[in-house]
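Subject: Structure handover

Hello,

Here is the structure you asked for. Please open it next to this message and follow the notes below it.

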Amino acid sequence: MEKQRLFKMTDIEKNMLVRALSDKQKRVGAGRCSEVRALVEKTEQAPQNRLYMNEIEYQWIEIALNDLRNAYLAAGRSSGGIDKVLLKLFRSRYKRVPAR
């Protein structure tokens, strides 16, 4: 059993995560592209909208959402929804899950 963060998400939050990670995938180098692509697929296929993340995946999601928030702010758009998802992500708790 290992500790991983559990992020319970709605469909809207799931779409926001996928969009942020897809944008991040376009900007990262070829070496990291496969890691982000795997995380996008994992997010899309999360059973019952429950995403279990290790620390590296958590950091990728945090950075991707922050980049999406910065892009919204630079364009003069409201980032309230992204802020709520970020706060919910920061509050996610650790759960013990079987090792993958």
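Lys8 is found in strand β1. This is a predicted model, and every value below was computed from it. With a relative accessible area of 46%, Lys8 is partly exposed, because that class lies between under 20% for buried and over 50% for exposed. Leaving out residues up to four places away in sequence, Lys8 touches Glu13, Asn49, Arg50 and Lys88. Its C-alpha atom is 6.4 Å from that of Leu51, although 43 residues separate Lys8 and Leu51 along the chain.

Next, the sheet. It is open and has 3 strands in the order β2-β1-β3, with antiparallel pairing. β2 and β3 (93-97) are the edge strands, each pairing on one side only. On average, neighbouring strands are turned by 45° against each other, direction ignored. As general background, strands of a sheet pair through backbone hydrogen bonds, either parallel or antiparallel.

Strand β1 covers residues 2-8, and 4 bridges join it to β2. Two residue pairs can be looked up in the viewer. Arg5 stands opposite Met53 in β2, and Leu6 has Tyr52 as its bridge partner in that strand. The side chains of β2 alternate along the strand: Leu51 and Met53 point to one face and are buried, whereas Arg50 and Tyr52 point to the other and are not. Helix α4 lies across β1 and β2, and runs at about 155° to β1.

Which residues touch the most other members of the largest nonpolar core? They are Phe7, Leu51, Ile61 and Leu65, out of 26 residues in that core. At least two residues each come from α1 (11-27), α2 (30-44), β2 (50-53), α3 (55-74) and α4 (80-90). The most come from α3, which gives 7 residues. Leu65 shows what such a position looks like: residues up to four places away aside, Leu65 touches Met16, Leu17, Ala20, Ile82, Val85, Leu86 and Leu89. In soluble globular proteins, nonpolar side chains tend to be buried together.

Now the rings. The count of aromatic pairs comes to 0. Two rings do have a charged side chain over them, as the next two cases show. The charged end of Lys3 sits over the ring of Tyr94, 5.0 Å from the ring centre. Arg5, the residue opposite Met53, lies over the face of Tyr58 at 4.0 Å from the ring centre.

Last, the loop between α2 and β2, where Gln48 lies and where Asn49 also has its place. Phi of Gln48 is near 55°, a positive value in a residue other than glycine. Phi of Asn49 is likewise positive and near 55°. Most residues other than glycine have a negative phi.

Are Gln48 and Asn49 buried or exposed? Gln48 counts as exposed, because its relative accessibility is 72% and the cut-off is over 50%. Asn49 is buried, because its relative accessible area is 17% and the cut-off is under 20%. Asn49 is also one of the residues that Lys8 touches, which brings these notes back to their starting point.

Regards

Methods:
Residues numbered from 1 in each chain as written. Predicted model: local features only at pLDDT ≥ 70, side-chain atom pairs only at ≥ 80, totals over all residues. Heavy atoms only, no water. Core = buried A, V, L, I, M, F, W, Y, C linked by side-chain atoms within 4.5 Å. Buried < 20%, exposed > 50% of the residue type's maximum accessible area, 1.4 Å probe, protein only. Helix = DSSP H or I, 4+ residues; strand = E, 2+ residues; numbered from the N terminus. Contact = heavy atoms within 4.5 Å. Pairing = 2+ DSSP bridges. Axes fitted to C-alpha atoms, helices over the stretch in contact; angles between N-to-C directions. Phe/Tyr/Trp six-rings, centres within 6.5 Å; stacked < 30°, edge-to-face > 60°. Lys NZ or Arg CZ within 6 Å of the ring centre and 35° of its normal.
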